[in-house]
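Trainee: Could you take me through one part of this model in detail? I'd like to hear how two neighbouring helices sit together and what the aromatic rings are up to.

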Amino acid sequence: MKLTRACASLAGIAIGAALLVSCSNGENLEASCQRLDALAAEQEEISFDDPDTEQTTQHVQAVVDDWQRIRADAGDDELAGAMETVEPLFDVLLAMASGELSQADGFQQLRDAADEPDISEAADVLVEKCEFTL
């Protein structure tokens, strides 16, 4: 009987610890910013002039996937919110990469989006928190 209670207690402790880990606030701001810096370097390697649109699209999609993982792991709610706000801009990049949208039209859409208040505010948060520029 004592062994069963001990096992139950240990199981309860293990479950509690797992819940605490899963409910943690995510990674610290510095770690998120470092990951964004690495992602910026990866993003700079994207060439929309590459005739292989499939490869370019895959590269942009990998950046989008990394962006979403960083956002999901971010312990700073304001940073995560700003990242989520600017995510629709990646749709424009994906359309450019796949050839569905010309570079001229795509860059114009990105410039127009940057003037929207919510995107502008989110971009300011990214600069303020991580010195990250879109």
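Mentor: Sure, and keep in mind that this is a predicted model. Start with α3 and α4: the two run roughly antiparallel to each other, because their angle of about 150° is over the 145 cut-off for that label. Residues 53–73 make up α3 and residues 77–86 make up α4, and the axes are 8 Å apart. The crossing of α3 past α4 is left-handed. On the α3 side, the contact comes from Trp 67, Ile 70 and Arg 71, while α4 brings in Ala 80, Met 83, Glu 84 and Val 86. Sorted by class, that's five nonpolar and two charged residues, with no polar ones.

Now stick with Trp 67, since this residue also turns up among the rings. Trp 67 is buried, at a relative accessible area of 0%. Searching the whole structure gives three aromatic pairs. One of them joins Phe 48 and Phe 107 edge-to-face, with 6.3 Å centre to centre and 90° between the planes. Phe 48 sits in the loop between α2 and α3 and Phe 107 in helix α6, so this pair links parts 59 residues apart in sequence. Phe 107 is partly exposed, with a relative accessible area of 32%.

Back to Trp 67: its ring and that of Phe 132 have centres 5.6 Å apart and planes at 50°, so that pair counts as tilted. Trp 67 belongs to α3 and Phe 132 to the segment after α7, so the pair ties together parts 65 residues apart in sequence. Phe 132 is buried too, at 4% relative accessible area. Add Phe 90, and Trp 67, Phe 90 and Phe 132 form one aromatic cluster.

Conventions. Residues numbered from 1 in each chain as written. Predicted model: local features only at pLDDT ≥ 70, side-chain atom pairs only at ≥ 80, totals over all residues. Heavy atoms only, no water. Axes fitted to C-alpha atoms, helices over the stretch in contact; angles between N-to-C directions. Helix = DSSP H or I, 4+ residues; strand = E, 2+ residues; numbered from the N terminus. Parallel < 35°, antiparallel > 145°, perpendicular 65-115°, else oblique. Left-handed = near helix turned anticlockwise from the far one by under 90°. Contact = heavy atoms within 4.5 Å. Nonpolar A, V, L, I, M, F, W, Y, C, P; charged D, E, K, R; others polar. Phe/Tyr/Trp six-rings, centres within 6.5 Å; stacked < 30°, edge-to-face > 60°. Buried < 20%, exposed > 50% of the residue type's maximum accessible area, 1.4 Å probe, protein only.
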